[in-house]
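Work through the exercises below with the model at hand, attempting each task before reading its solution.

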Amino acid sequence: MTLLDIIRFIVGLIVLGYASYSDMKTRMVCDKAWIAIASAGFIILFIQLFMENVSWLYYLTFLPIGALFTSFFVEGSDKTNFQEGKINRFFLYPVYVCGIIVTVYLVYIFSLSKTDILFLTLMEIPLVMLLIYLLYYFRLIFGGADAKALIALSVLFPFYPSVSALLGYFPLKIIWPYTLVILTNGAITALVIPISYLFYNLITDPRNIRFPVCFLGYREDIHKVKNRYLWPLEIVDNGKKRFVLFQKRDANINEQIDALLAYGAKKIWVTHKIPFMIPLFMGFVTAFLVGDILNYLVNSVILQCL
C-alpha cells in the first residue's frame with residue numbers, strides 16, 4: 001500500500017463520512033463536498049504522475065476530465081454566480097470545446113503507439129462519469145448526491161489501490177473501474193435494508209404481509225406520514241388505491257397523502273427515505289479494506305457450479 005493510496009482513502013473517509021451524516025440529518029449534501037474530493041483527487045494524481053516522471057501528454061488528460069466534471073456541477077449563464085453554481089458562458093463553453101479537442105488529439109496520438117494502460121485508465125475517468133450519469137438518468141441511482149459522489153470518487157481513485165484486499169479484485173481492472181467496485185459494494189451492503197424490513201413486518205404485523213412491498217417498507221398510520229422522511233408506497237390513481245414501488249423524483253408527497261385521506265385510508269405502506277450515501281460510504285470502506293464483494297460472490301457461484 002502506497003502513501004498516496006492511504007491519503008486518498010483518508011480524504012474519501014472524511015468527506016464521505018461527513019456527507020453520510022449530512023444526508024441522514026437533512027437528506028442533502030452540499031456540492032462543496034464533491035468538489036473537495038475531486039480537487040484532492042486532481043492534486044494527488046498530479047503528484048503521482050510527477051513522481052512517475054511520465055510524459056507531459058498524460059497531464060493533458062486533466063482538461064477533458066476537468067471539463068466533464070465541471071459540466072455536472074455548474075451551468076452556463078449570462079452572468080457568473082458561484083453561489084448558484086453558474087458561470088458565464090463566455091468562460092465556460094471554451095473549456096468544453098478545448099476538452100473535446102484535447103480528447104480527440106490524445107486518442108489520435110496514443111492510437112499510433114502500443115496499448116498504453118496508463119492512458120486508457122486516465123481516459124476511463126470521463127467514461128465512468130458518463131456511465132454514472134446514465135445510471136442516474138435511468139434511475140438506477142436515485143439520488144443526485146449519490147451520483148455526484150461517485151463522479152468525484154472516479155477522480156479520487158482512478159486506479160485500484162495497491163493493496164492485497166481480502167477478497168481480491170476483478171482481474172481485468174481496465175474493464176471494471178474501481179468506482180464500480182465502490183458502487184456494487186454499496187449496493188450489496190444496502191441489501192440489509194429490505195431484509196430488515198421483512199423481519200420487522202413479520203414480527204410486528206404478520207397478518208398484513210404483502211409482497212413485494214414488505215421488503216421495501218412497513219405499514220404506518222397515515223396521519224404520521226406527513227413532514228417526515230417517508231415515501232408512501234400507495235397512491236390513489238383514477239379513484240383506486242394501488243401500490244407504487246418507486247416514487248418519481250418530482251412526486252408531491254403531501255398531495256398523495258391528501259388523496260389517500262380523502263379515499264379513506266387509515267394505514268398505508270411507507271418506506272423511509274434512507275439515504276444511499278450510508279451504503280455508499282460502507283461500499284467505499286469495504287472496497288478498500290475487503291475488496292470486490294460482487295466479484296467474490298460471482299466466482300464462488302461459478303466454482304460451485306463446476
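**Exercise 1.** Decide whether F9 is buried or exposed, and then place its ring pairing with F284.

*Solution.* Step one is accessibility: F9 has a relative accessibility of 12% and therefore counts as buried, where buried means under 20% relative accessible area, exposed over 50%, and partly exposed in between (1.4 Å probe, protein chains only). The model is a predicted one, in which local features need pLDDT of at least 70 and side-chain atom pairs count only at pLDDT 80 or more, while totals for chains, interfaces and linings use all residues. Residues are numbered from 1 along each chain as its sequence is written, and side-chain values use heavy atoms, with hydrogens and water left out.

Step two turns to the partner, F284, which is buried with a relative accessible area of 0%. Step three is geometry: the structure holds 19 aromatic pairs, counted when ring centres of Phe, Tyr and Trp (its six-membered ring) lie within 6.5 Å, with planes under 30 degrees apart stacked, over 60 edge-to-face and the rest tilted. F9 and F284 form a stacked pair, at 5.5 Å centre to centre and 10° between the planes. This pair links distant parts of the chain, since F9 belongs to helix α1 (residues 3-26) and F284 to helix α11 (residues 277-289), 275 residues apart; helices (H or I, at least four residues) and strands (E, at least two) are DSSP runs numbered from the N terminus.

**Exercise 2.** Find which residues form one aromatic cluster with F9, and which charged end sits over the ring of Y160.

*Solution.* The cluster consists of F9, F157, Y160, Y169, Y178, F284 and F288. The charged end of K173 sits over the ring of Y160, 5.3 Å from its centre, the criterion being NZ of Lys or CZ of Arg within 6 Å of the ring centre and within 35 degrees of the ring normal.

**Exercise 3.** State which elements the buried residues of α2 pack against.

*Solution.* Begin with the helix itself: α2 (residues 31-51) has 21 residues, and its buried residues include W34, F42 and Q48. Taking contact as heavy atoms within 4.5 Å, the buried residues of α2 pack against α1, α3 (56-59), α4 (62-73), α6 (117-137), α7 (144-156) and α11. Finally, look past the helix, where α2 is followed by N53, whose phi is positive, near 55°.

Key. The expected span of a helix is 1.5 Å times one less than its number of residues.
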